[in-house]
Amino acid sequence: MPRGALSAVGIAAALSIALTSCSSSSGPAAGGDTPAKGLVVGVTSDPDTLFPWKATQFQAVNVLQNLYGTLTEFDKDLNVVPGLAESWETSKDGEKLTLKLRQGVTFADGSAFDSKDVKASLEKIMDEKTAAVARASLSSVKSVEAPDPSTVVLELTGPDAALPANLATVNMAMLSSDDTEQELTTTPNGTGPFTLSKRVASQSITLARNDTYWGPEKPKVPTVEFRVIPDESSIVSAMQSGNVQLAVFDDPLVAQTAEGGGTITVAKTPQLNYHVLQLNAGHGELKDVNVRLAIQCAIDRKQVLDTAALGEGEVTGPITAPAYKSDPAKRPCPTRDLAKAADYLAKAGKPGGVTVKTIVSQGEYATSVNEAQNLKAQLAEAKINLDLEVLESGAFVDRWVAADFDAAVALNGGRPDPDGSYGRYFTSDGNLNKVAGYSSPELDKLFAEGKAATDQAARKPIYDQVAAHLEDNAAWIWLFAGYTYTATTANVEGFVPMASGSLQYLRTTSVS
């Protein structure tokens, strides 16, 4: 199936939504005043969940980070800055983190936010029964105390340099202690800059400005509509017609097409997110490290990058964060080596080759199917058959979370801190370890040392060892880090693209 393939009916439906729906701007008000215009954002799929602690799909995360607040946040340069916690202090021994909370913050339902909500949220995230995807990020937390409404004290097992950054992700959103997952699945109740106004399944989600938002300034647009248009090229058409004002593209060819029309501006932003062939090392043939190393050696990553993304990006190792960046040349096969791949298969007792069942997402990001097809063609030359199963975005996420795959062609979210990126995957008690299927006592030790080291210069060699261990054991096959392409029409101002892919700066965006 070619990238972005849709039936004629599907394309017609997408264009109908894009071109005939009225935009979210209002007409002149009584008395001649012109109200602020709403913003319409084109997206390729509907969020698969509205519960922030379980969101892994990019579209879901992008919506939820505008509805919910976190204790810390990232600024545009990915520095950790205050969020719902206006300050924090670590004890000298590193075993206590004290957070001072903002006063006067309310949830969307009007109820007050205070320390009891923080305590309840963190304790529920830490509870294995909640199945929160960020649970491992709180592995150093022994207990959470709320001595007064504006103070929260985290008792830690030891220093945790990664914790402030880990608290900044929407998977750590602060929820009201009175709310349940069942309620929030349909009616989000956050402290973010917007509230949920309306949802039409598989068509759109509309957010309304939260006039009680605690931030230094209120959002500039009255509404943000995420309009589902299943193909990026169709989103370009909708932008050219004036029915969509902003979109973030993954496909560089679509970005070039959008900018070539002259009415759309495209900003190109390097990403921490990385394209990867995830190998579930707990499944079938992939239990053997020699099979995994054969796959690693049989792939020309630059060819995948050139074929799927027009060369827009760079070949990457496991860690993409600038301060801890991995060197992709320091892997067992830095360049494609079919002879070495054959040797590894022979060591595994599989000289005739292997078959690896591989899931691929159709719709969550644009280059996925092209990547999968190129990987399949390359690996076939090494007698490794990728048996591809292309799934729509929601079905892919369900299979992925359940670890119901041998391999997965994926675009994974990178983070500024390596512990947040990989601690939940590659430690023996990581809550997503079943997805990775790989851990080791050495990795457990290294991740613990990385969290305990508070000096960045001391942490870098530790995470170099983490990256080397992951590559030497071919836990996954890291391919490349690319760009996002933020397209805006001429009447849009104030949006700031981020290397994390976050859309948090919709709160500063205006439409004239």
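Modeller: Let's start with a word we will need: a residue is buried when its relative accessible area is under 20%. Keep in mind that this is a predicted model. By that cut-off, Phe51 and Trp53 are both buried.

Biologist: How many aromatic pairs does a search of the whole structure find?

Modeller: The search gives 16 aromatic pairs. In one of them, the ring centres of Phe51 and Trp53 are 5.4 Å apart, with 65° between the planes.

Biologist: Why is the pair of Phe51 and Trp53 called edge-to-face?

Modeller: Two values describe such a pair, the distance of the centres and the angle of the planes. Rings pair when their centres lie within 6.5 Å, and 5.4 Å meets that limit. Planes over 60 degrees apart count as edge-to-face, so 65° earns Phe51 and Trp53 that name.

Biologist: And what makes the pair of Tyr274 and Tyr422 tilted?

Modeller: Here the centres are 5.9 Å apart and the planes meet at 40°. Stacked needs under 30 degrees and edge-to-face needs over 60, so 40° leaves tilted as the name. This pair links distant parts of the chain: Tyr274 belongs to strand β13 (residues 274-279) and Tyr422 to helix α13 (residues 418-426), 148 residues apart. Tyr274 and Tyr422 are both buried. They also share one aromatic cluster with Trp400, Tyr425, Phe426, Trp476 and Trp478.

Biologist: How do you know that the charged end of Arg507 sits over the ring of Tyr505?

Modeller: The charged end of Arg507 is 5.9 Å from the centre of the Tyr505 ring. The distance part of the test asks for CZ of Arg within 6 Å, and 5.9 Å passes. Likewise, Lys268 lies over the face of Tyr483, 4.5 Å from the ring centre.

Biologist: What makes Cys297 and Cys333 a disulfide?

Modeller: Their sulfur atoms are 1.9 Å apart, and the cut-off is within 2.5 Å, so the pair qualifies. A search of the whole structure finds one disulfide. The torsion about the S-S bond of Cys297 and Cys333 is about 75°, so this disulfide is right-handed. Cys297 lies in helix α8 (residues 289-297) and Cys333 in the loop between β14 (314-315) and α10 (338-347), so the disulfide ties together parts 36 residues apart in sequence.

Biologist: Are Cys297 and Cys333 buried or exposed?

Modeller: Cys297 has 0% relative accessibility and Cys333 has a relative accessible area of 1%. Both values are under 20%, so both residues count as buried.

Biologist: Why is Arg199 called partly exposed?

Modeller: Its relative accessible area is 33%. Buried would need under 20% and exposed over 50%, so 33% puts Arg199 in between. You can find Arg199 in strand β8 (residues 194-200).

Biologist: How do you know that Arg199 makes a polar contact with Asp46?

Modeller: The side chains of Arg199 and Asp46 come to 3.1 Å, and a polar contact needs N or O atoms within 3.5 Å. The side chain of Arg199 also reaches the backbone oxygen of Pro47 at 2.9 Å. Apart from neighbours within four places in sequence, Arg199 is in contact with Asp46, Pro47, Leu50, Ser204 and Ile205.

Biologist: Which residues does UniProt give for "domain: Solute-binding protein family"?

Modeller: The unreviewed entry places that feature at residues 79-431. Over that stretch the chain is 28% helix and 26% strand.

Note on methods
Residues numbered from 1 in each chain as written. Predicted model: local features only at pLDDT ≥ 70, side-chain atom pairs only at ≥ 80, totals over all residues. Heavy atoms only, no water. Helix = DSSP H or I, 4+ residues; strand = E, 2+ residues; numbered from the N terminus. Buried < 20%, exposed > 50% of the residue type's maximum accessible area, 1.4 Å probe, protein only. Contact = heavy atoms within 4.5 Å. Polar contact = N/O pair within 3.5 Å; in protein donor to acceptor, adjacent residues only side chain to side chain. Phe/Tyr/Trp six-rings, centres within 6.5 Å; stacked < 30°, edge-to-face > 60°. Lys NZ or Arg CZ within 6 Å of the ring centre and 35° of its normal. UniProt positions renumbered as here; feature names shortened; annotations may be inferred.
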